[in-house]
Amino acid sequence: MTARTLLLVDDDPAILRGLKWSFEDWEVHTASDRESALRQVKAHRPAVVTLDLGLPPAPDDAVEGLRTLAEILAAAPDTKVIVVTGNEERAHAVRAIALGAYDFYQKPIDGQVLGLIVDRAFNVWQLEAENRRLQQAREPSFQGIVTGDDGMLALCRTVEKVAPTDISVLLLGESGTGKELFARALHDLGPRRRAPFVAINCAAIPENLLESELFGHERGAFTGAVRQVKGKIETAQKGTLFLDEIGDMPMSLQVKLLRFIQERVIERVGGREPIPVDVRIVCATHQDLEARIRDGAFREDLFYRIGEMALNIPPLRDRGDDCVLLARHLIDKFSADHGRRRLQLSPDALGALRRHPWMGNVRELENRIKRAVILAGGQGITAADMGLAAPAGGDAPEPSATLQQARDEAERKALSSALALSAGNLSAAAKILGVSRPTIYSLLKQHNVNTPS
């Protein structure tokens, strides 16, 4: 199990002694000022830090504590920092959260309550660390798919089960939901991963050119055909053919595609020689194909051929807090691309992200975050930087849930994610979360979370 390493930062020796005793089952380090705290972070890389914002030389002000927080996160971005504030210092706590603190706790200190907050912070830290380890250890699979949503995690598990087969998959979802990412995951996780992945957008190519793009053509087949050209289907030999926006394919080509799917043989335009092709077919569309069938715009027999397994990708607005998770991931990516320091989301940006309907889904979010990284003036991204309206009430966080409710929700999501990572293996999930197997059973019952089938 990963070492439970904790750094306590406070200028009161009595508080440090008491807290150290409360965390006797942890590897505990202490610091009393900013310089010693940074030395301990660099030396021990603690998973969790508790940080009193009132540090010398100005213990009655939060300036030094906030500076310490920023420098800790710059040195160890994955560390979970819990700031400790006085009862009248809520504004300092909100500022600390905006700078990247994991949580805050108000004095007077109750060792048992603080212990629960620290345990949960460690569980999240360990889950993220395990996630990074798995991403590094596995071959590329779900690249670009970032989620903590139960529905999306279940969809990823389904893709893992379907990928090793040759069943035809139809991906359904709004524009911008990531259908091509799932198509690539089906390819990368399957036995055809070392062969080509060939994609073609059926809506982006004029009807008179699409047939040649798909099936290829022989020299002299039409004006301008000066040489033999292989089509996308033939190019994908032994690999995966991804037909994006299949709902926009002209009816005349639907007949020819159906014949290929049934016989696995093509003829180039202007050719007479049958060419056998071995490919796995994955299709995607944002359209309602059953409605298109009723309107006579799509063949019912083709629908059943391409949709042996249909997977629905939910829109971003139905994925809970994924908009925030994705935003942070994209901020890190674009900050690195543009040579900027790691930026944080301000409280008004968090509120705006959660309120926005995201009709353009992940593609819209990506565009807005790229814009924000370029326009942000300081170390924080605001709603205005993203071109979004700030929530009513300014920078104040939403009082939509109590702190206990927020912590329960975070615990439920961490539990669901651990079960997803471990494919429902309770012992493995317990190891990821740093708890015992009986505790897993207790958490499952407490949060009404079902194990994956």
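**Chain geometry, a central strand and the cysteines**

N361 is found in helix α15, and I start there because N361, at 0% relative accessibility, counts as buried, where buried stands for under 20% relative accessible area, exposed for over 50% and partly exposed for what lies in between, with a 1.4 Å probe and protein chains only. What you see above is a predicted model, in which local features need pLDDT of at least 70 and side-chain atom pairs count only at pLDDT 80 or more, while totals for chains, interfaces and linings use all residues. Residues are numbered from 1 along each chain as its sequence is written, and side-chain values use heavy atoms, with hydrogens and water left out.

To stay with N361 for a moment, this residue has a positive phi of about 60° although it is not a glycine. K238 is likewise not a glycine and has a positive phi, here of about 70°. Is K238 buried or partly exposed? K238 counts as partly exposed, because its relative accessibility is 48%, and this lysine lies in the loop between α9, residues 232–235, and β8, residues 240–244. The element names follow DSSP runs numbered from the N terminus, helices being H or I over at least four residues and strands being E over at least two.

The backbone also holds cis peptide bonds, and I would like to go through two of them with you. One joins P56 and P57, with omega at about 10°, and on the structure you will find P57 in the loop between β3 and α3. Another joins K107 and P108, with omega at about 5°, and P108 lies in the loop between β5 and α5.

Those two loops bring us to the strands β3 and β5 and to their common partner, β4. Strand β3, residues 48–52, and β4 pair in the parallel sense over five bridges, pairing here requiring that DSSP find at least two bridges between two strands. If you want a point of orientation for this pairing, take V48, whose bridge partner in β4 is K80. Strand β5, residues 103–106, also runs parallel to β4 and is joined to it by four bridges, and here the point of orientation is T85, which stands opposite Q106 in β5.

How many residues of β4 are buried? Six of the six residues of β4, which spans 80–85, are buried, so this strand is largely enclosed by the rest of the structure. In a regular strand the side chains alternate between the two faces of the sheet. For β4 both faces are covered, since K80, I82 and V84 are buried on one side, and V81, V83 and T85 are buried on the other. Please note that K80, the partner of V48, is thus one of the buried residues of β4.

Let me finish with the cysteines. A disulfide is a covalent bond between the sulfur atoms of two cysteines. With a disulfide taken as a pair of cysteine sulfur atoms within 2.5 Å, the count for this model comes to zero. C202, for example, is in no disulfide, and the nearest cysteine sulfur, which belongs to C283, is 7.4 Å away. C202 counts as buried because its relative accessibility is 3%. C323, at 4% relative accessibility, counts as buried too.
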